[in-house]
Amino acid sequence: MAKLGKRTVAARAAFDGKANLSVEEAVKLVKANATAKFDETLEIAMNLGVDPRYADQMVRGVVQLPNGTGKVVRVAVFARNAKADEAKAAGADIVGAEDLMETIQSGKIEFDRCIATPDMMPIVGRLGKILGPRNLMPNPKVGTVTMDVAAAVAAAKGGEVQFKVEKAGVIHGGIGKVSFTEDKLAENVRAFVEAVVKAKPTGAKGTYLKKVSISSTMGPGVTLDLASTAK
């Protein structure tokens, strides 16, 4: 059995016996024990009472975090002519059409968010098997298939986070950097939870929000008191 490092042992000791904390208490604990040599991300995981195998229990949406993510988001846009110019002016990192499709098909994916104008979807549709598993496929439900590409690019760059439930009924995402103040991280936690709660599907039965926990990239997780996550 591998020997645990001093940092890991100390973190486990700090979290031992801690559970169902208020958002503020949990954020303070995670921040205090995020001791990696880089600015770790505050990550959230939510266990939901849904079965995403059924269409009426799929949970998907987007949230604009009040304090951003602290991450530089690279944005690709499928657009032509004036809309391509609009995307570039808004700060898109990559803009193209068939040429962008070919780049992606070659295995070169150098972006974190993909946006497309509606007329580009026949081209983008050919990339479903590549972009879909990476949660990069443009979708009108989360505002990434739109004619207002400038607004979509600005939102992506400004701290917008997409979420989608996985097979086990879990949603997770990065919601800020541990270098943020405790107040800003707490605000982001509540904004994310609120967005997921509002996205409750019609087919969800019984308890929808089962458990919420947060952690840093390299640290242990701690569960939150669900009542404290409400704004």
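**Two domains and the contact between them**

Hi everyone, let me start right at the domain boundary: between domain 1 and domain 2 there are 2 residue pairs in polar contact, both at pLDDT 80 or more. A polar contact here is a pair of N or O atoms within 3.5 Å; within protein, one must be able to donate a hydrogen and the other to accept it, and residues adjacent in sequence count only if both atoms are side-chain atoms.

On the domain 1 side, β2 (60-64) and β6 (160-164) each supply at least two of the residues that touch domain 2. Helices (H or I, at least four residues) and strands (E, at least two) are DSSP runs, numbered from the N terminus.

A word on the model: it is predicted, so local features need pLDDT of at least 70 and side-chain atom pairs count only at pLDDT 80 or more, while totals for chains, interfaces and linings use all residues. Residues are numbered from 1 along each chain as its sequence is written, and side-chain values use heavy atoms, with hydrogens and water left out.

Now, where are the domains? Domain 1 covers 18-69 + 160-228 and domain 2 covers 75-157, with bounds from an automatic or database domain assignment. Their C-alpha centres lie 26 Å apart. The contact (heavy atoms within 4.5 Å) takes 8 residues from each of domain 1 and domain 2.

Together the two domains bury about 780 Å², with 35% of that on carbon and sulfur atoms. Buried area is the accessible area (1.4 Å probe) that two parts lose on being put together, summed over both. Which three residues supply the most on the domain 1 side? They are Arg60, Glu160 and Gln162, with 76% of the area that domain 1 buries against domain 2.

Glu160 comes up again: its side chain meets that of Arg113 in a salt bridge (2.9 Å, N to O). The term means a side-chain nitrogen of Lys or Arg within 4 Å of a carboxyl oxygen of Asp or Glu. The count between the domains is 1 salt bridge, and the whole structure has 8. Another of these joins Glu24 and Arg190 at 2.8 Å, N to O. That pair links helix α2 (residues 23-32) to helix α8 (residues 182-198), 166 residues apart.

Thanks, happy to chat!
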